[in-house]
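Thank you all for coming; I would like to take a few minutes to walk through a structure that is new to most of us. Please have a look at the sequence and the model first, and then we will go through some places in turn.

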Amino acid sequence: MHRDSTARRRVLVVGDIHGEYEMFMRLLKVAEYDEACDTIYSLGDVIDRGPESLRTLEWFAGRRGAYMLLGNHEAMMMQAGEDFDASRVWARNGGGWSHCLGAREKFLYTCMLRTLPLTAEISYDTGAWRVGLVHADVPSGLPWKKMQGVQTGFGDAVTDWSDSASTVAIWGRRRFKADLAMRKLPRDQLTAEVKMRIWPHIQPVRGIDLLICGHTVIDDFVPRGRGNVLWIETGAAYGGRLTAVDPLKKVYWQVGRANDRVWGPLPLPHLDPVSRAYRPSRTEKMQMQAVEAERRKKFGSLLGALI
């Protein structure tokens, strides 16, 4: 984990750049980025999909006060040289730009990626207000203090289905999907099963005031949040926008693909509350436990018949 405890420098947090170097440069200009006065964090996924992955990677590699977190695309690049599955998955997800790298250059950038943390923390006012950063998500129920100690595991680059904390950090989408369900699902469709699926994954992350995440593209390209979690992946590589946030001033800037498409500074949206209407009652929990027990019983009977 990287920790920045200084409150004297402005801190900017940027969403997934994905090789969109030209958009990134325009975003820095509209946000009036000053290398001498500002610190900048990328939430990861600076490479792949866009046209200038190498140039974007070089910018972070040679910049004082510029930090990257590990995203799933950096994890794929990092493990591609050691694991065939990771190499294959990376090639399908925009890793073709690496063919222009020589063996030594690829080795050096891979070594650089191995130093990237999964999380970072920004402390303002001597720790009175703390902002956590992670590429994708924090597992449900895991306190921020424990998340800070999580290390990258071998195989994380391709095991997006795993529930391990290191995999969730770079691949996790359950919290975002739970928030999406809360936004789109009418209250009269809140069955016990739906509540049981949503409620555990929408709880605030304990031990941090604000958590900023990227990874999953927001369909309307505008930052959104719930509880104490803010999502800022606004689809730069998918025809959307690239976003930078100043957590202290609670404002953001965006650029689109066209040179005249710029926004900001704009106030960050209010974080939506975690509505208790989605909390399953004791009766609903008991109902779902009974349903699950019946499912296991049927599966056991079927398995016994097959054996």
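**A walk through four places in the model**

Leaving aside the neighbours within four places in sequence, Gly172 is in contact with Ala136, Asp137, Thr167, His215 and Thr216. Before going further I should say that this is a predicted model, and that what I describe should be heard with that in mind.

To place Gly172 for those who are looking for it on the screen, the residue sits in the loop between helix H7, residues 165-171, and helix H8, residues 174-184. Is Gly172 buried or exposed? Its relative accessible area is 13%, and because buried means under 20%, Gly172 counts as buried. If you want a sense of distance across the chain, take Val46, which is 126 residues away from Gly172 in sequence, and whose C-alpha atom is separated from that of Gly172 by 18 Å.

Let me turn to a second buried residue, Ser42, which belongs to strand S3, residues 38-42. Here the relative accessible area is 0%, so Ser42 is buried. Apart from neighbours within four places in sequence, the residues in contact with Ser42 are Val14, Phe60, Tyr67, Met68 and Leu69.

Next comes helix H4, which runs over residues 84-92 and in which Ala86, Val89 and Trp90 are buried. Why can we speak of one side of H4 here? These three cover an arc of only 100 degrees around the axis, and therefore they lie on the same side of H4. On the face turned away from that buried side, H4 carries Phe84, Ala91 and Arg92, which are exposed. As for what covers the buried residues of H4, helix H3 is included.

That brings me to H3 itself, residues 72-80, which packs with helix H5, residues 103-114, at an angle of about 130 degrees, the axes being 9 Å apart. Because of that angle, H3 is oblique to H5, and the crossing in which H3 passes H5 is left-handed. Which residues meet where the two helices pack? From H3 there are Glu74, Met77 and Met78, and from H5 there are Tyr109, Thr110, Leu113 and Arg114. Sorted by class, this contact of H3 with H5 is made up of four nonpolar residues, one polar residue and two charged residues.

Methods:
Residues are numbered from 1 along each chain as its sequence is written. This is a predicted model: local features need pLDDT of at least 70, side-chain atom pairs count only at pLDDT 80 or more; totals for chains, interfaces and linings use all residues. Side-chain values use heavy atoms; hydrogens and water are left out. Axes are lines fitted to C-alpha atoms, for helices over the stretch in contact, and angles run from 0 to 180 degrees between N-to-C directions. Helices (H or I, at least four residues) and strands (E, at least two) are DSSP runs, numbered from the N terminus. Angles under 35 degrees count as roughly parallel, over 145 as roughly antiparallel, 65 to 115 as roughly perpendicular and the rest as oblique. A crossing is left-handed if the near helix is turned anticlockwise from the far one by less than a right angle, and right-handed if clockwise. Contact means heavy atoms within 4.5 Å. Ala, Val, Leu, Ile, Met, Phe, Trp, Tyr, Cys and Pro count as nonpolar, Asp, Glu, Lys and Arg as charged, and the others, Gly among them, as polar. Buried means under 20% relative accessible area, exposed over 50%, partly exposed in between (1.4 Å probe, protein chains only). The arc is that of the directions from the helix axis to the C-beta atoms.
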